[in-house]
Amino acid sequence: MITLSGLTKRFGSTVAVDDLTVDIGPGRVTGFLGPNGAGKSTTMRMILGLDRPTAGRALVGGRPYRELRHPLHEVGALLDARAVHPARSGRAHLLTMARSNGIPGRRVDEVLATVGLDARAAGKPARALSLGMGQRLGIAGALLGDPPVLMFDEPVNGLDPDGVRWVRRLARALAGEGRTVLVSSHLMSEMQLTADRLVVLGRGRLLADAPIEEVVAGAGTEVRVRVPDDADRAVLTGRLVAAGATVEPDGPDALTVTGVTAERVGDLAYERGIRLHELSAREASLEQAFMALTADSVEYAATPTGGDTR
Amino acid sequence: MTTTTASTHRPGVTPAHRTDPLAGAVAAEWTRLWSVRSTWWTVLAGVLLMAASAGQLAIYVANGNTDDDPLNDAGVVAVTDVVIDAVGLTQYAVLALGLLAITGEFTTGTIRTTLQCTPSRGRVLLAKALVTGAVTVVLGLLLGAVGVLVAAPVLGRWGTAPAAGTAGDVVAVAVYLALVGVFALGLAAVLRSAVLTLTVLFATLYIVPLSLREPDIAVLDRIADAFPGEAGRHFLTGDTGPYPAAVGLLLLAGWAAAALLAGRAALRRRDA
């Protein structure tokens, strides 16, 4: 359980995280979504006690991270996979972490096996690891203390498709065991496949905190209609706009219509005897929901007090 | 890659309450120090610096006594006097060991991992100080022994090495090096940069007290005596003025403790 209340971080005049209040609960994967610079990493760093909040609090299991005596048993985190000494082997890196929290050395070999790093890769200096192997090493470090709370910041960066699927399954499995799993990403498609719930940030502000279906539904439904005849299509477009819909061309003979139902589009076409080849309603994608949400946050940032965020 | 997680069945991780966090932090620090090759190179550099420096200073003493100029006759000296003079240069290898224990973490970003494992800033710094102190004491004994072994044969009949006095001086060298090593660590935690820390160390141990003595004004001399390098020198050479050797030791220990406290405050306040 991660509890953020009024969490705020300013760097000079820049507000990186702005009055963020949200609970991240156990037993599900919470997707932490936002464009680059939205404040996701800063929030995670505050949860881990690395950055001091300007205001507000971040608690893990009801306590501030800095007060934890054996934090690896309570929170596992992959923040920056490159936070490894370039000359130290991956195995020594994990062993150092394990020692600090009284975790036996054999657990290091267990997590190395879990993330699929063999003895040869784990023995290499960290600088010789590929981005993908570095990510796996970081995930191994997060799993070391078998913690009930896990945070992964952009875990699929640099992973091949196989690795991406593996991270997705891992996150789902960890949540399935009743753990709290927070995964940040700027990739909407990835979140759609991994997360149960979404916390969406834009310019440091909370834009949404809801089940993923709700976020998608909030963006509304769009209707696709294919009209083979050019003249008919122009007529239908006129009727739709008059009915209050927004119409955009979609390919050579199709229109994307928002603001009216598929039934209404069909009725309007029927009244004018317009021949249709396709009429379908589809839910907006997470990507569209996300665009709709963050479009507002961009407007917010255009006010004079707004600045560039970290 | 079909494995999802090894933790479905809760593997046998030692219950957290059984291990002391400070003991864990010290163990981690020990592993951290010796799992990079640069530590070994620094130790080797210290040994070579001591051998070269003690040898050279011993040659100066022997030559001074045998050339035609009676003004530079040092006469018979204690072998450890030469070794103590050689510490002036050798200590920079030991200082490097102390400051690299933390500046290396800032440059590579591993400080974030370290603080993630041990969130208490004071505990992190204390663990580093304990490991740095222990390693530099042992290294100091080794360096003192190397200095004696090199300087004694070069001095020949111009050097004396009474067993008790020599052993005492070698131990003093080890204690001095451990304290300046910890002083360097604390300073580096505040300044974060290796180059900046080395510059400040060079200034406080050598340049500033030397400049203060230049005009030969009593007040400035007293101020110079309070600097860590001077306090250490008074402790090592065992002079009785301006203060007893024990006061020099306490002053140096005070500098090391103050640097650690400042380092802890900086680590607590700043974002990692």
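Thr204(B), Leu205(B), Tyr206(B) and Pro209(B) of helix H7(B) touch Pro228(B), Gly229(B) and Glu230(B) of helix H9(B). Sorted by character, the residues of this contact come out as 4 nonpolar, 2 polar and 1 charged. Keep in mind that you're looking at a predicted model.

How are these two helices oriented? H7(B) covers residues 194-213 and H9(B) covers residues 228-237; they pack at an angle of about 95 degrees, and their axes are 6 Å apart. An angle from 65 to 115 degrees counts as roughly perpendicular, so H7(B) is roughly perpendicular to H9(B).

Now for the whole chain. Chain B has 10 helices and 2 strands. Starting from the N terminus, you'd meet them in the order α-α-β-α-α-α-β-α-α-α-α-α. Along the principal axes, the C-alpha atoms of chain B fill a box of roughly 85 × 40 × 30 Å.

What does the UniProt record add? Its unreviewed entry puts the annotation "transmembrane region" on residues 40-62, 82-104, 125-150, 170-188, 195-212 and 243-267 of chain B. Here are two of those spans in the model:

| Span in chain B | Helix | Strand | Distance between end C-alpha atoms |
|---|---|---|---|
| Residues 40-62 | 100% | 0% | 33 Å |
| Residues 243-267 | 92% | 0% | 35 Å |

How much of chain B is buried? Of its 272 residues, 46% are buried. And if you take the contacts in chain B with a separation of 6 or more, 80% of them join residues 24 or more positions apart.

How values were computed: Residues numbered from 1 in each chain as written. Chains lettered and ligands numbered in written order. Predicted model: local features only at pLDDT ≥ 70, side-chain atom pairs only at ≥ 80, totals over all residues. UniProt positions renumbered as here; feature names shortened; annotations may be inferred. Helix = DSSP H or I, 4+ residues; strand = E, 2+ residues; numbered from the N terminus. Buried ≥ 20, exposed ≤ 12 C-beta atoms within 10 Å, placed from the backbone. Contact = placed C-beta atoms within 7 Å. Axes fitted to C-alpha atoms, helices over the stretch in contact; angles between N-to-C directions. Parallel < 35°, antiparallel > 145°, perpendicular 65-115°, else oblique. Nonpolar A, V, L, I, M, F, W, Y, C, P; charged D, E, K, R; others polar.
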